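Work through the exercises below with the model open. Each task is followed by a solution in steps.

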Amino acid sequence: MSTLLVKHAQVLVTMDDDRREIAEGGMYIEDGFVRRVGATEDLAGSADEVLDLSGHLVLPGFINTHHHFYQTLTRAVPGAQNAGLFDWLRTLYPIWARMTAEHIEVSTKLALAELALSGCTTAFDHLYLFPNDSRLDDEIEAAHTIGLRLHASRGSMSLGESDGGLPPDSVVETHAAILADTQRLIETHHDPAPGSMTQVVVAPCSPFSVTTDIMKESAELARAMGATMHTHLAETKDEEEFCISTYGRRPVELMEDLDWMGDDVWFAQSVFINDAEIGRMATAQTGVAHCPSSNMRLASGIAPVRKYLSAGVPTGLGVDGSASNDGSHLLGEARMAMLLARLDAAPNQSGGDLMTARTAIEIATRGGANVLRRPDLGSLEEGKAADFIAIDLSRLEYAGALHDPVAAAMFAAPVNVDFNYVGGKPVVAHGQLVTTNMEPLIDQHNRLAAQLLD
């Protein structure tokens, strides 16, 4: 049995049901799970490791509910810098079609390193194209070296340009190949147990890149094998118009008809959703991954996050692809979600309807755990996985903001975390990633990125 005692946090934010914030807080951790949490003076005892976090803010680890790791290779690509979603995709699809297993491996490591330094302890990745014999296994194996929890999606595209879809035919697959590989990956890698490090998600890409048949068959397979389901939905007006012109239905109505609503489903983006559809999503407990920076980067619009939260729609946070953000800073994304929601509420000048810092933190922690269906994550309390981050409050960015250290994490400029522990094990310590050597990883990543665009 391994044990860890965390003590003397200036403030420990539990995000438990009572939303306790404990001054001089600490935790006693056994074999990767929290056994006791409270004031340090009440946690006397010995442990294999003692972590003194005096002067630090401690938070539950942040959970990223939507990403595309491979896109770290194509940030700020000329021709895609000032394009909306569909033109952005048309520019990048031919570049992504050149990727190999090495590209998948290295981009996974780099994206997870960036996420870890920004406070992420669990990440979902939406990988939906597998060119040149690359596999989802390449991502899963690479993720093990970084040490974050991974929800890896077996995404898919089956509707190529010649059949009326958006992606080029070179990156689409047959139905049989998609379903067979999805089943193989779930059988090989999916671990539904509490504290699991790897889960597999069934994730056709979007209504404009897969057929309705593969959506239906993917849902049947996922539910038969106990896996969750994810897809992009209602990100832009272009997509809304595509669904109406192609299928005669709005995006949410199309998902309902395809049996893609339920508490085992969440959508990415979901910007163009009306009030009635929000109500139906809440009733079904279908979740949303909110990606504010990407929505602004691609000029897609502002997702109705305040309405989602008010209606009870499970809502988490996503950095989205690093070619539409163009970064993977999850703490910064939480701050952006708070600010964008405030902009959306601008007509209400009283301030009573503005998103608070603590709501933004909740979306990034409990909200993300709810979206991914991980009751073992999202808060620091007895029985939960010991996933936590810590930020040194003496740093320059927080000078003058210590009247409320918890709010400072959102209102002050985004920073990298000083500590990141997953299952009671360090991934970041004293501001440095401890699970891999960053310099050669960055060099290799830049070389591969240059090759893709050569």
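**Exercise 1. Surroundings of Ser158**

Task: In this predicted model, find which residues Ser158 is in contact with, leaving aside its neighbours within four places in sequence, and decide whether Ser158 is buried or exposed.

Solution.
- Step 1. With neighbours within four places in sequence left aside, the contacts of Ser158 are Val172, Glu173, His175, Ile178, Ser209, Val210, Thr211 and Ile214.
- Step 2. Ser158 sits in the loop that runs between strand E8 (149-156) and helix H4 (175-189).
- Step 3. The relative accessibility of Ser158 is 9%. The cut-off for buried is under 20%, so Ser158 counts as buried.
- Step 4. For a long-range check, take Ala341: it is 183 residues from Ser158 in sequence, and the C-alpha atoms of the two are 35 Å apart in space.

**Exercise 2. The pair H4 and H5**

Task: Describe how H4 packs on helix H5 (residues 212-225), and state which residues make the contact.

Solution.
- Step 1. Two packed helices are described by the angle between their axes and the distance between the axes.
- Step 2. For H4 and H5 the angle is about 20° and the axes are 11 Å apart.
- Step 3. Angles under 35 degrees count as roughly parallel, so H4 is roughly parallel to H5.
- Step 4. The crossing of H4 past H5 is right-handed.
- Step 5. H4 contributes His175, Ile178, Leu179, Thr182, Gln183, Ile186 and Glu187, while H5 contributes Asp213, Ile214, Glu217, Ser218, Leu221 and Met225.
- Step 6. Sorted by type, the residues of this contact are six nonpolar, four polar and three charged.

**Exercise 3. H2 and its two partners**

Task: Characterise the packing of H2 against helix H14 (residues 438-453) and against helix H3 (residues 136-146).

Solution.
- Step 1. H2 and H14 pack at about 130°, and their axes are 10 Å apart. This angle makes H2 oblique to H14.
- Step 2. H2 and H14 cross in a left-handed sense.
- Step 3. On the H2 side the contact is made by Glu102, His103, Val106, Ser107, Lys109, Leu110 and Ala113; on the H14 side, by Met438, Leu441, Ile442, Gln444, His445, Arg447, Leu448, Gln451 and Leu452.
- Step 4. By type, the contact of H2 with H14 has eight nonpolar, five polar and three charged residues.
- Step 5. Turning to H3, its axis and that of H2 come within 8 Å and cross at roughly 35°. The crossing of H2 and H3 is right-handed.
- Step 6. Here Ala101, Ile104, Glu105, Thr108, Lys109, Leu112 and Ala113 of H2 meet Asp138, Glu139, Ala142, Ala143, Thr145 and Ile146 of H3.
- Step 7. The contact of H2 with H3 divides into seven nonpolar, two polar and four charged residues.

**Exercise 4. His445**

Task: Is His445 buried or exposed, and which residues is it in contact with beyond its neighbours within four places in sequence?

Solution.
- Step 1. His445 belongs to helix H14.
- Step 2. The relative accessible area of His445 is 4%, and therefore this residue is buried.
- Step 3. Outside the excluded neighbours, His445 is in contact with Thr72, Leu73, Val106, Ser107 and Leu110.
- Step 4. Val106, Ser107 and Leu110 are also among the H2 residues that make the contact with H14.

**Exercise 5. The nonpolar cores**

Task: Identify which residues touch the most other members of the largest nonpolar core.

Solution.
- Step 1. The largest nonpolar core has 123 residues, and Phe62, Trp88, Trp96 and Met410 touch the most other members.
- Step 2. Helix H2 (residues 101-117) supplies the largest share of this core, with nine residues.
- Step 3. Trp96, taken without its neighbours within four places in sequence, is in contact with Tyr70, Gln71, Thr74, Trp88, Leu89, Tyr128, Leu129 and Pro131.
- Step 4. A second, separate core has 19 residues, including Val34, Val58, Phe388 and Tyr421.

**Exercise 6. Backbone exceptions**

Task: Locate Gln285, Arg373 and the cis peptide bond that leads into Asp326.

Solution.
- Step 1. Gln285, which is not a glycine, has a positive phi near 60°. Its place is the loop between helix H8 (275-284) and strand E12 (287-290), and its relative accessible area of 30% makes Gln285 partly exposed.
- Step 2. Arg373 also has a positive phi, about 60°, without being a glycine. This residue lies in the loop between helix H12 (357-371) and strand E14 (388-392); at 22% relative accessibility Arg373 is partly exposed.
- Step 3. The cis bond runs from Asn325 to Asp326, with omega near 0°. Asp326 is in the loop between strand E13 (315-317) and helix H11 (330-344).

Definitions and conventions. Residues numbered from 1 in each chain as written. Predicted model: local features only at pLDDT ≥ 70, side-chain atom pairs only at ≥ 80, totals over all residues. Heavy atoms only, no water. Core = buried A, V, L, I, M, F, W, Y, C linked by side-chain atoms within 4.5 Å. Buried < 20%, exposed > 50% of the residue type's maximum accessible area, 1.4 Å probe, protein only. Helix = DSSP H or I, 4+ residues; strand = E, 2+ residues; numbered from the N terminus. Contact = heavy atoms within 4.5 Å. Axes fitted to C-alpha atoms, helices over the stretch in contact; angles between N-to-C directions. Parallel < 35°, antiparallel > 145°, perpendicular 65-115°, else oblique. Left-handed = near helix turned anticlockwise from the far one by under 90°. Nonpolar A, V, L, I, M, F, W, Y, C, P; charged D, E, K, R; others polar.
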